[in-house]
2 protein chains.
Amino acid sequence: MNAEVIAVGSELLLGQIANTNAKFISNQLSELGINVFYHTVVGDNANRLVETIKIAESRADLIIFSGGLGPTKDDLTKETIAKHLNTELIMDEVAIRSIEAFFAKHQQPMTENNRKQALVLKGCDVLENRHGMAPGMLLENDNHTYILLPGPPKELEPMFQFEAKPKLAAKMHDGAVIISHVLRFYGIGEAALEVQVQAILDDQSNPTVAPLASDGEVTLRITAKADDELTAWQLINDKKQQVLALVGDYHYGNDDDSLASKLVERLLDNNLTIAAAESLTAGLFQSELAEVPGVGGTLIGGVVTYTEQAKIEQLGISKDLLDQHSVVSSECAAAMAVQVKKKFQTDIGVGLTGAAGPTGHGNQPAGTVWIAICIGDEQPLTYQLHLSSSRNTNRLRAVKFTYSFLMRELVKSGYKK
Amino acid sequence: MNAEVIAVGSELLLGQIANTNAKFISNQLSELGINVFYHTVVGDNANRLVETIKIAESRADLIIFSGGLGPTKDDLTKETIAKHLNTELIMDEVAIRSIEAFFAKHQQPMTENNRKQALVLKGCDVLENRHGMAPGMLLENDNHTYILLPGPPKELEPMFQFEAKPKLAAKMHDGAVIISHVLRFYGIGEAALEVQVQAILDDQSNPTVAPLASDGEVTLRITAKADDELTAWQLINDKKQQVLALVGDYHYGNDDDSLASKLVERLLDNNLTIAAAESLTAGLFQSELAEVPGVGGTLIGGVVTYTEQAKIEQLGISKDLLDQHSVVSSECAAAMAVQVKKKFQTDIGVGLTGAAGPTGHGNQPAGTVWIAICIGDEQPLTYQLHLSSSRNTNRLRAVKFTYSFLMRELVKSGYKK
């Protein structure tokens with residue numbers, strides 16, 4: 001089975017957004033062992049869309065569309081496909097009830113064009129939209145399979161994973177599977193990691209191993225192809241052991257793990273509570289931790305002290321200390337960690353201060369960050385970063401580094417309650 | 001003149017990277033007034049690339065390729081085009097000298113496949129690569145213009161901007177420019193907005209107007225085509241006035257504005273300071289505000305009180321109030337706003353509490369959020385949201401709604417110092 005992914009939307013052709021849906025869908029299809037030979041992007045234009053569909057039908061078995069299912073006039077994917085296949089659109093009762101319920105719940109008036117979203121291709125399998133109103137569709141017609149997905153990634157991704165993918169998996173008879181497993185590392189750069197696993201990277205057969213860097217993390221993706229899932233996973237696990245024998249010290253998790261999720265897991269497992277005092281990151285350290293469900297068992301809270309005055313009044317840091325060392329200093333970060341720990345009566349206190357940019361602070365250039373962590377009754381540990389990205393990338397990198405710094409120290413000390 | 005953008009590379013079809021080159025190139029072409037009707041992605045396969053080129057020749061004047069110019073075996077773009085056009089590849093003397101110089105400088109041995117990178121299509125204009133080794137090409141052949149660019153964005157982007165774009169601009173005789181302007185709205189859904197501007201959407205000539213929704217915001221994109229920039233902007237401004245006459249109440253900014261940046265601007269303009277007490281959002285309200293440079297002039301700080309105990313101890317909210325109303329209540333949000341305002345001695349206090357999900361709180365379902373704002377000496381105002389997305393989308397939507405709620409109340413009251 002081979003596939004073509006067609007994205008419909010003039011905003012893509014104007015260069016306003018990148019076609020991340022095609023990336024997501026292709027990645028998912030490769031896991032099923034389905035080859036993708038082409039991606040096409042076409043605008044909100046019925047004639048050009050029909051031409052695109054005809055070309056795709058001549059070279060693909062499976063055609064997956066993203067976009068153009070919304071309530072507005074320029075959303076014309078299903079209408080165009082219905083006309084092209086000489087079929088009609090019918091009202092889906094489940095979808096219309098869920099749209100009506102949405103408007104009732106939000107106490108907003110439902111307009112006629114919202115009803116249009118509940119129309120589906122006659123004879124299709126309706127794919128439930130758990131994060132929006134427009135349902136998706138899977139239609140078999142004349143040796144082709146057509147899948148229609150909504151454009152917003154938040155709607156498309158879960159719909160593909162939980163609704164379309166199982167149906168496709170059931171259809172696959174050749175049985176070949178491609179499985180990828182991502183190993184995540186911190187505290188090591190991409191080039192340095194690559195040098196250490198060079199022999200493995202040079203031997204690129206099955207599984208393949210590919211490095212990738214992003215936002216202060218490095219990953220290695222192991223991809224295996226086999227007749228069945230079990231064999232693919234055996235291949236992956238053998239390769240994984242080889243990799244970890246070389247760089248296991250830097251390995252913190254896999255696949256969808258994040259530094260934040262692994263840190264929360266460790267804190268919960270060891271019955272530790274945490275609080276943070278944040279200046280340049282202004283709540284980002286706490287907010288990213290709070291993305292993890294169940295964080296309430298460890299994150300008690302914290303303070304954002306953006307101004308010097310707030311550091312003095314809210315945390316009781318002495319004006320003398322700030323005058324002598326400035327707010328961008330090891331001493332200030334350490335005092336923030338110690339004070340917030342005391343104030344919230346937690347096991348761990350974290351302090352983050354610095355100059356995110358675009359301007360520096362006094363004689364400290366933009367990107368200078370001081371991080372402090374205080375674990376139990378130990379003296380606070382501090383660390384200085386010199387970051388060189390934009391304001392908000394610097395803020396995010398400071399937060400991610402703090403997670404890895406804290407994780408490393410927790411592992412090292414084995415601190416628990 | 002209309003264009004097709006063809007990206008060559010199996011890594012795109014495997015879903016390992018998104019086609020950001022097509023986004024960049026399309027954006028640049030729209031500035032030149034060149035319409036892009038299609039993007040295509042094809043793998044490192046000569047036969048399928050030839051088929052793709054033939055289709056593109058049938059529907060585009062300008063065909064821009066990205067990728068496949070490197071030194072390895074699977075780089076086959078220029079070889080395939082040469083064969084397809086019955087022409088040959090010749091060694092470019094400037095390119096080969098620059099490759100030799102690169103290897104001399106880095107004291108690395110130069111291999112034979114690196115020489116391959118200096119081969120260019122006979123008769124082309126060579127496009128200099130200032131950030132890598134493979135030169136680009138612009139070739140005129142039989143009513144078509146072919147542009148070949150390297151795949152890595154840091155090589156492709158400057159090469160397009162400084163080498164290809166001026167040549168394309170000179171070729172454009174009709175001199176048309178296309179300019180887009182994005183209007184941003186809050187407090188109104190996509191379908192409801194569309195109903196209000198239906199007459200404008202129905203009249204899709206020049207400029208065109210297209211709606212788009214994302215993360216609790218709605219935008220309208222006005223796109224005008226004209227002989228020169230000034231005329232295009234006049235067309236846009238006329239259309240904008242028509243739109244704002246209908247839905248101006250919901251308009252908060254344009255183009256790269258965000259709710260946070262507009263709110264910070266208003267607070268700074270009116271000399272107002274702000275502090276926030278956050279529960280479910282755990283610092284996200286403050287952290288998103290802090291993305292705006294200069295926020296230190298208005299954001300003093302705030303507290304994250306994730307647990308009930310933290311609300312009592314850090315904000316002095318009475319246990320009786322929480323027992324009577326629970327932490328997910330109008331009363332708790334209001335107390336948080338009032339107390340944090342007092343604690344940080346600011347002009348405005350904000351309180352955010354609720355159940356982000358996946359689980360609810362007591363008999364309150366996941367997605368129930370209470371927001372309170374306290375402006376000056378006024379009584380706090382509260383607002384309840386019922387969100388139905390995932391945990392982190394709910395958290396982000398609660399924050400965005402709070403920005404718009406606060407902005408609306410500030411505009412209404414005209415409060416300043």
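Two strands are said to pair if DSSP finds at least two bridges between them. Helices (H or I, at least four residues) and strands (E, at least two) are DSSP runs, numbered from the N terminus. The structure is a predicted model, in which local features need pLDDT of at least 70 and side-chain atom pairs count only at pLDDT 80 or more, while totals for chains, interfaces and linings use all residues. Residues are numbered from 1 along each chain as its sequence is written, and chains are lettered from A and ligands numbered from 1 in the order in which they are written.

**Stop 1: a hairpin in chain B**

Select residues 125–127 and 136–141 of chain B. These are strands S6 and S7, which pair in the antiparallel sense over three bridges. Within this pairing, B:Asp125 has B:Leu138 of S7(B) as its bridge partner. Add residues 144–149, strand S8 of chain B, which is antiparallel to S7(B) and joined to it by five bridges. Here B:Met137 stands opposite B:Leu148. At the turn, two residues lie between S7(B) and S8(B), and B:Asp142 takes a positive phi near 55°.

**Stop 2: chain A as a whole**

Colour chain A by secondary structure to see 16 helices and 17 strands. Its C-alpha atoms fill a box of roughly 80 × 60 × 40 Å along the principal axes. Of the 417 residues in chain A, 47% are buried; a residue is buried if 20 or more other C-beta atoms, placed from the backbone, lie within 10 Å of its own, exposed if 12 or fewer, and partly exposed in between.

**Stop 3: where the chains meet**

Next, select the contact between the chains, to which chain B gives 63 residues and chain A 63 residues. Two residues are in contact if their C-beta atoms, placed from the backbone, lie within 7 Å. The side of chain B that touches chain A divides into 32 nonpolar, 25 polar and six charged residues. In this count Ala, Val, Leu, Ile, Met, Phe, Trp, Tyr, Cys and Pro are nonpolar, Asp, Glu, Lys and Arg are charged, and the others, Gly among them, are polar.

Now show residues 299–305 in both chains: S14 of chain A and S14 of chain B pair in the antiparallel sense over five bridges. A:Gly302 stands opposite B:Val304.

**Stop 4: the sheet across both chains**

Extend the selection to the open sheet of 10 strands, whose order is S17(A)-S16(A)-S15(A)-S13(A)-S14(A)-S14(B)-S13(B)-S15(B)-S16(B)-S17(B), with mixed pairing. Strand S17 (381–386) of each chain stands at an edge with a single partner strand, so one side of each is left without a neighbour in the sheet. In chain B, S16 (residues 368–375) and S17 pair in the antiparallel sense over six bridges, and B:Trp370 has B:Gln384 as its bridge partner.

**Stop 5: helix H15 and the cores**

Select H15 (residues 330–344) of chain B, which contributes eight residues, the largest share, to the largest nonpolar core. Such a core is a set of buried Ala, Val, Leu, Ile, Met, Phe, Trp, Tyr and Cys residues joined through C-beta atoms within 7 Å. Of its 142 residues, A:Met336, A:Ala337, B:Met336 and B:Ala337 touch the most other members. A second, separate core has 100 residues, among them A:Leu12, A:Phe37, B:Val8 and B:Phe37.

Finally, centre on B:Met336. Leaving aside neighbours within four places in sequence, its contacts are B:Ala277, B:Leu315, B:Ile317, B:Gly351, B:Thr353 and B:Ala372.
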